Amino acid sequence: LAAMRHFAAALQAEGWKVAYSRLDDPENSQSIAGELSRRAEVDGIRQARAVLPGEWRLIRALQCCGLETELLPDSRFLAGRQDFADWAEGRKQLRMEHFYRAMRRKTGLLMEEGEPAGGQWNFDKENRKPVPGGTVFPDPPVFEPDTVTQEVLDLVQDRFGGHFGDLEPFGHAVTRTQALDLLDHFIINALPEFGDYQDAMAEGQGLLFHSGLSSCLNIGLLAPMEVCRAAESAWRDGHVPLNSVEGFIRQILGWREFVRGIYYLQGEGYTQHNALGHSRDLPAFYWGAPAGMNCLTEVIGQTRRSGYAHHIQRLMVAGNFALL
């Protein structure tokens with residue numbers, strides 16, 4: 001919400017006409033379709049153009065808003081829906097590694113004369129080291145909320161104060177400039193060590209050498225290719241070892257794109273699939289009750305405080321216990 005409000009103000013400053021619906025606007029109909037209809041009636045508009053939403057619910061809302069709607073490709077991702085469907089067609093197994101290699105060839109990232117840099121596609125075996133005692137981790141930039149962001153924090157506290165998660169302290173990037181500062185910090189201070197320790201966990205250390213750029217990518221403050229190119233350039237300049245840059249690019253070019261492709265390929269009912277027949281509720285400690293296990297207490301507590309957990313925390317702790 002803070003990023004959207006900053007973006008709306010930036011567009012207005014550049015001379016664009018912006019009709020921005022605030023959550024607390026008394027005239028807000030509280031739905032995508034309702035707001036499009038309201039704005040269309042005011043301005044005499046019959047057509048709407050939108051970036052393809054990231055979930056089926058919003059796609060259907062736009063398609064049923066009463067306007068002629070055109071959905072445009074989402075530049076926050078590198079593989080379109082049809083691109084992934086074309087790659088998946090006829091395959092008996094959909095494996096991320098195979099998709100990742102196709103994306104490397106398509107983009108040219110970490111490629112040398114048609115072959116993967118370093119003579120292999122994946123350096124994951126070099127990315128599983130435990131963190132030595134006494135390791136000093138880089139502190140990422142913390143962005144103090146300005147007036148706009150503080151207004152949003154107050155609004156969220158008023159509307160959603162009972163939801164899971166702590167509002168403060170809040171230091172996430174909400175502008176393009178802040179996101180670029182965060183990217184620069186990661187490339188210079190954390191990426192060199194990212195590869196060795198990307199699968200590690202350390203008590204009291206939520207970020208370690210991870211980038212913390214997920215939200216910036218997901219809300220469009222950074223583009224995936226510019227992030228990958230920045231990492232690749234650091235390697236080509238001799239600043240970062242190959243296992244670090246390959247492991248990082250694989251998260252963006254491989255996993256992030258692959259999971260999105262599977263979501264669209266499976267269709268609207270995908271989130272309701274239950275092949276293993278799960279029926280039990282998650283334990284109360286997923287919302288803050290005592291867990292009796294330090295790993296779960298640490299990971300869930302960190303998620304509540306910061307809205308972030310890196311991939312090993314999510315997969316091997318929070319996700320694995322849920323599976324069990």
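## The nonpolar core

How many residues has the largest nonpolar core, and which of them have the most contacts inside it? In this predicted model, the largest nonpolar core has 46 residues, and those with the most contacts inside it are L191, L213, L222, V227, V245, F248 and I249. Two or more residues of this core come from each of the elements α4 (81-88), α5, α7, α8, α9 (224-236) and α10, and it is α7 that gives the most, with nine residues. As a general background, nonpolar side chains in soluble globular proteins tend to be buried together.

One of the residues just named, F248, has a relative accessibility of 4% and therefore counts as buried, since buried means under 20% relative accessible area. Helix α10, which is among the elements that give two or more residues to the core, also holds R250. At 4% relative accessibility, R250 counts as buried because its value lies under the 20% limit. The C-alpha atom of R250 is separated by 9.8 Å from that of F123, although their positions lie 127 residues apart along the chain.

## Aromatic rings and charges over rings

Across the whole structure, a search finds 17 aromatic pairs. F186 and F248 form one such pair, which is tilted, with 4.7 Å from centre to centre and 45° between the planes. This pair links distant parts of the chain, given that F186 belongs to helix α7 (residues 176-197) and F248 to helix α10 (residues 242-266), 62 residues apart. Like its partner F248, which is buried at 4%, F186 counts as buried, in its case at 1% relative accessibility.

Elsewhere among the rings, F84, W87, F99, W255 and F258 form one aromatic cluster. The ring of F77 has arginines over its face: R256 lies there at 4.1 Å from the ring centre, and R260 lies there at 4.2 Å from the ring centre.

## The cavity

The search of the whole structure for cavities of 30 Å³ or more finds one, and about 50 Å³ of space lies in the largest cavity. Its lining is made up of P138, P140, L182, H185, F186, A190, L207, L208, H210 and S211. By class, this lining has seven nonpolar and three polar residues, and no charged ones. F186 thus appears in the cavity lining as well as in the tilted pair with F248.

L208, another residue of this lining, is placed in the loop between α7 and α8. The phi angle of L208 is near 50°, which is a positive value in a residue other than glycine. At 1% relative accessibility, L208 counts as buried.

## The second largest pocket

Which residues are the closest to the centre of the second largest pocket? This pocket holds about 1,300 Å³ of space, and of the 38 residues that line the pocket, Q251, W255, V259, H311 and R314 are the closest to its centre. W255 is also a member of the aromatic cluster that includes F84 and W87.

At least two residues of the pocket lining are supplied by each of α5 (96-107), α8 (214-218), α10 and α12 (311-323). The largest share, nine residues, comes from α10. Divided by class, the lining has 17 nonpolar, 13 polar and eight charged residues, whereas the lining of the largest cavity has no charged residues.

## Backbone features in the loops

The loop between α6 (147-160) and α7 is the place of P169, and the peptide bond that leads from E168 to P169 is cis, with omega near 0°. A173 is also found in the loop between α6 and α7. With a relative accessible area of 6%, A173 is buried. A173 and T107 are 66 residues apart in sequence, and their C-alpha atoms are 27 Å apart in space.

Where does L110 lie? The place of L110 is in the loop between α5 and β3 (111-112), and its phi is near 55°, a positive value in a residue other than glycine. L110 counts as buried because its relative accessibility is 0%, which is under the 20% limit. L208, in the loop between α7 and α8, likewise has a positive phi, near 50°.

Notes. Residues are numbered from 1 along each chain as its sequence is written. This is a predicted model: local features need pLDDT of at least 70, side-chain atom pairs count only at pLDDT 80 or more; totals for chains, interfaces and linings use all residues. Side-chain values use heavy atoms; hydrogens and water are left out. On a 1 Å grid over the protein atoms alone, a cavity is a set of points where a 1.4 Å probe fits but cannot get out, and a pocket is an open set with protein on both sides within 12 Å along at least five of seven lines; lining residues have an atom within 4 Å of a point. Grid points are joined across faces, edges and corners, and a volume is the space filled by probe spheres set on the points. Ala, Val, Leu, Ile, Met, Phe, Trp, Tyr, Cys and Pro count as nonpolar, Asp, Glu, Lys and Arg as charged, and the others, Gly among them, as polar. Rings of Phe, Tyr and Trp (its six-membered ring) pair if their centres lie within 6.5 Å; planes under 30 degrees apart count as stacked, over 60 as edge-to-face and the rest as tilted. Helices (H or I, at least four residues) and strands (E, at least two) are DSSP runs, numbered from the N terminus. Buried means under 20% relative accessible area, exposed over 50%, partly exposed in between (1.4 Å probe, protein chains only). A charge sits over a ring if NZ of Lys or CZ of Arg is within 6 Å of the ring centre and within 35 degrees of the ring normal. A nonpolar core is a set of buried Ala, Val, Leu, Ile, Met, Phe, Trp, Tyr and Cys residues joined through side-chain atoms within 4.5 Å.
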